[in-house]
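I opened a fresh notebook page for this structure. The plan is to go through the charged pairs, the rings, the surface and the confidence values in turn.

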Amino acid sequence: MEHESLFSFSNPEFWVLAALVIFFGLLVVLKVLPGALFGALDGYAAKIQSELDEAQKLREEAQALLAEVKAQREEAERQASAMLEAAEADSIRLAAEAKEKLEEQIKRRAEMAERKIAQAEAQAAADVKAAAVDLASQAAEAVLLARVATGSDPLADAAIGQIGGKLQ
């Protein structure tokens, strides 16, 4: 087979090429190919732009949510700090109150112990006085019995005489 030139009118490939060029030329002139091609590209570009807009919107929402979460965390940290400070102040106040109550209780118990000691001392003194009075009365009784047994006692006679005068 001989090689014929591509641009020879007797070559069928030339006519296929010519028909293809005319076809694409008509598509361009009639704006079918550019319109469809550019329309598809514009549609694809619009789809990409809408996806980018949606991605930007989602990013802004995520940033807003992140800022809100950060604000909530800071508020929670402030509240926790305030709670810790309040608890610390309460513990100091409660410790002071407990110390004050303990000192007051110790003071009351010391006063009670002192009162019991004073009462015991008074009771002991009263017991000693009662024992002394009993002993003195027993001694006086023994002395008086000894004097009465011996006869008349001038002191007893004078006391009896005074009693009679005082009773009238």
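**Entry 1: the rule for charged pairs.** Before looking up any pair, I fixed the term: a salt bridge is a side-chain nitrogen of Lys or Arg within 4 Å of a carboxyl oxygen of Asp or Glu. I note that the model is a predicted one. With that rule I looked up R93 and E97, whose side chains meet in a salt bridge with N to O at 3.1 Å. The 3.1 Å lies within the 4 Å limit, so the pair qualifies.

Where do R93 and E97 sit relative to each other? They are four residues apart in helix α2, which means that about one helical turn separates them. I also noted that D90 belongs here: salt bridges with shared partners join D90, R93 and E97 into one network. For accessibility, R93 has a relative accessible area of 41% and is partly exposed. E97 is also listed as partly exposed, at 35%.

**Entry 2: other salt bridges.** How many salt bridges does the rule give? The count is five. I looked up two further ones, R73 with E77 and R78 with E75.

For R73 and E77, the closest N and O atoms are 3.4 Å apart. These two residues are four apart in helix α2, which spans residues 32-150, so about one helical turn lies between them. R73 is partly exposed at 46% relative accessibility, and E77 is partly exposed at 45%.

For R78 and E75, the N to O distance of the salt bridge is 2.7 Å. Both residues lie in helix α2, three residues apart, about one turn of the helix. E75 has a relative accessible area of 34% and counts as partly exposed.

My general remark for this page: side chains of opposite charge can pair when their charged atoms come close.

**Entry 3: a polar contact.** I then checked S137, which has its place in helix α2. Which backbone oxygen does the side chain of S137 reach? That of D134, at 2.8 Å. S137 is partly exposed, with 39% relative accessible area.

**Entry 4: rings.** The structure holds four aromatic pairs. Among them is F9 with F14, an edge-to-face pair with 5.4 Å from centre to centre and 80° between the planes. Another is F14 with W15: the centres are 5.3 Å apart and the planes stand at 70°, so this pair is edge-to-face too. F14 takes part in both pairs, and F9, F14 and W15 form one aromatic cluster.

Is each member of the cluster buried, partly exposed or exposed? I looked up the three values one by one.

- F9 is exposed, at 61% relative accessibility.
- F14 is buried, with a relative accessible area of 16%.
- W15 is partly exposed, at 46%.

The label for F14 follows because buried means under 20% relative accessible area, and the value for F14 is 16%.

**Entry 5: surface.** What makes up the nonpolar surface patch of about 390 Å²? L6, F7, L17 and V21 do. One of these, F7, lies in the segment before α1, the helix of residues 12-29. F7 is exposed, at 60% relative accessibility.

For the protein as a whole, the accessible surface comes to about 14700 Å², and 65% of this belongs to carbon and sulfur atoms. Buried residues make up 3% of the 168 residues.

**Entry 6: elements and confidence.** The protein has three helices and zero strands. Read along the sequence, the pattern is α-α-α.

I finished with the confidence values. The average pLDDT of the protein is 85, and 89% of the residues score at least 70. Which elements have the lowest and the highest mean pLDDT? Helix α3, residues 154-167, has the lowest at 73, and α2 has the highest at 89. The salt bridges R73 with E77, R78 with E75 and R93 with E97 lie in α2, the element with that highest mean. My reading note: where pLDDT is low, the predicted coordinates should not be read in detail.

Conventions. Residues numbered from 1 in each chain as written. Heavy atoms only, no water. Buried < 20%, exposed > 50% of the residue type's maximum accessible area, 1.4 Å probe, protein only. Phe/Tyr/Trp six-rings, centres within 6.5 Å; stacked < 30°, edge-to-face > 60°. pLDDT = per-residue confidence, 0-100. Patch = residues over 30% accessible without salt bridge, like charges linked within 9 Å, V, L, I, M, F, W, Y side chains within 5 Å. Areas by Shrake-Rupley, 256 points an atom, 1.4 Å probe, with all protein chains shown as cover. Polar contact = N/O pair within 3.5 Å; in protein donor to acceptor, adjacent residues only side chain to side chain.
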